[in-house]
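Q: I have a model with a ligand in it. Where should I start reading?
A: Start with the pocket, then move to the ligand and its contacts.

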Amino acid sequence: MKFFIDTANLKDIAEAQALGILDGVTTNPSLMAKEGITGKNNILKHYVDICNLVDGDVSAEVNALDFEGMIKEGEELADLHEQIVVKLPMTKEGIKACKYFSDREIKTNVTLIFSAGQALLAAKAGATYCSPFLGRLDDVSTDGLNLIDEIRQIYDNYGFETQILAASVRHTMHVVNCAKIGADVMTGPLSSIMGLLKHPLTDIGIAQFVADYEKGNK
Ligand code: E4P
């Protein structure tokens, strides 16, 4: 299972990278704005800064909603750095653009997926990644994990190579449950990754081992 971090915060990205388990980064216009990164040139530069911090795929989202605009923006993003994955919205135009880029071997991530039918279309269009938003489904009393499970079954039925990128992950149990279902990738905030480290029995065990070791050195 690949671990992506879902942020535009360079400090958080560097911290996850330093742990040695980071496989990539996802961003979106809201995450960029949260870091105060606005304006086309600043956003493009920030994508390059992120690529230079990590080894894996970095999803960069188009803002255009029409096909021609998505192609123009996507090509500009893809030219920025070899690690860039063009992130496209789950719309009719987005699916057409996904097919255009996959035919040209440019990696894509179809985002804002909330149903198995949408995930099926993304796979048919040759998406590298499809991003079901599980946290946002949970937010509206709908089982987000169930959607990941349905997509896994459909992709396995037909051997689709599109990777399920479980997005809108909010906490550690989302990560663990996505791993149980077989999501190929999860993307979440730094806290959802670092939280996996924690267990009180580990802390108690370490304190006990340190105390016992020190006894022998007195
Ligand atoms: C995915 O690519 C999105 O950036 C993200 O996971 C959305 O998460 P949120 O629902 O917590 O905003």
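**Reading the pocket and its ligand**

A: This is a predicted model. Begin with the elements that line the largest pocket: β1 (2-6), α2 (29-34) and β5 (108-113) each supply at least two residues of that lining.

Q: Which element gives the largest share of the lining of the largest pocket?
A: That is α2, with three residues.

Q: How many residues line the largest pocket, and which lie nearest its centre?
A: The lining has 25 residues. D6, N28, L31, S168 and P189 lie nearest the centre. The pocket has a volume of about 360 Å³.

Q: How many residues of each class are in the lining of the largest pocket?
A: Sort them by class. The lining has eight nonpolar, 10 polar and seven charged residues.

Q: Where is the ligand relative to the pockets?
A: The space taken by the ligand is the largest pocket.

Q: Which residues surround the ligand?
A: Read the shell as a list. D6, T26, N28, L31, K87, F133, R136, A167, S168 and R170 surround the ligand. By class, this shell holds three nonpolar, three polar and four charged residues.

Q: Which atom of the ligand does the D6 side chain approach?
A: Look for N or O pairs within 3.5 Å. A polar side-chain atom of D6 lies 2.7 Å from a ligand oxygen atom. For N28, a polar side-chain atom also lies 2.7 Å from an oxygen atom of the ligand. In K87, a side-chain N or O atom is 2.7 Å from a ligand oxygen.

Q: How much of the ligand does the protein bury?
A: Compare the ligand alone with the ligand in place. Alone, the ligand exposes 350 Å². The protein buries 86% of that.

Key:
Residues numbered from 1 in each chain as written. Predicted model: local features only at pLDDT ≥ 70, side-chain atom pairs only at ≥ 80, totals over all residues. Heavy atoms only, no water. Near = heavy atom within 4 Å. Polar contact = N/O pair within 3.5 Å; in protein donor to acceptor, adjacent residues only side chain to side chain. Areas by Shrake-Rupley, 256 points an atom, 1.4 Å probe, with all protein chains shown as cover. 1 Å grid on protein atoms, 1.4 Å probe; cavity = no way out; pocket = protein on both sides within 12 Å on 5 of 7 lines; lining within 4 Å. Sits in = over half its atoms within 2 Å of the grid points. Nonpolar A, V, L, I, M, F, W, Y, C, P; charged D, E, K, R; others polar. Points joined across faces, edges and corners; volume = space filled by probe spheres on them. Helix = DSSP H or I, 4+ residues; strand = E, 2+ residues; numbered from the N terminus.
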